[in-house]
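Dear colleague,

I am passing on the structure below, and after it you will find notes on what came out of going through it. Please read them alongside the coordinates.

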Amino acid sequence: GPITINLLASVAFSGTVTIKIKGDATYSVTIDPNGSDTIDGAASYSLLYSNQSASLTSNNVNYWFVAP
């Protein structure tokens, strides 16, 4: 079934975290920021496909952005 990953507060994390769906997964992964933090301005970010990944970088205040 689907998986949800909860991020630390961006103010408490310095750097980048990478999340990847490995192999032939048949589930989705939803990434939820902490509290009022956002990911590229959104309340969550989803990975929907096998071998899809996202590298998220904290601004150390209240925002995560997805690195290209």
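A residue is called partly exposed when its relative accessible area falls between the buried class, under 20%, and the exposed class, over 50%. In this model, which is predicted, Asn-51 has a relative accessibility of 46% and therefore counts as partly exposed. Asn-51 sits in the loop that runs between strand E5 (45–47) and strand E6 (53–58), and its phi is near 65 degrees, a positive value in a residue other than glycine.

A second asparagine deserves a similar note: Asn-60, in the loop between E6 and strand E7 (63–66), also is not a glycine and yet has a positive phi of about 65 degrees. With a relative accessibility of 33%, Asn-60 counts as partly exposed.

Turning to the interior, the largest nonpolar core comprises 12 residues, among them Leu-7, Ile-19, Ile-21, Val-29, Leu-56 and Trp-64, and strand E3 (29–32), E6 and E7 each contribute at least two residues to this core. Ile-21, one of the core residues, touches Asn-51 as well as others including Tyr-27, Val-29, Leu-47 and Tyr-49, where residues up to four places away in sequence are not counted.

Trp-64, which belongs to strand E7, has a relative accessible area of 1% and is therefore buried. The C-alpha atoms of Trp-64 and Asp-40 are 6.3 Å apart in space, although the two are 24 residues apart in sequence.

With best regards

Definitions and conventions:
Residues are numbered from 1 along each chain as its sequence is written. This is a predicted model: local features need pLDDT of at least 70, side-chain atom pairs count only at pLDDT 80 or more; totals for chains, interfaces and linings use all residues. Side-chain values use heavy atoms; hydrogens and water are left out. Helices (H or I, at least four residues) and strands (E, at least two) are DSSP runs, numbered from the N terminus. Buried means under 20% relative accessible area, exposed over 50%, partly exposed in between (1.4 Å probe, protein chains only). A nonpolar core is a set of buried Ala, Val, Leu, Ile, Met, Phe, Trp, Tyr and Cys residues joined through side-chain atoms within 4.5 Å. Contact means heavy atoms within 4.5 Å.
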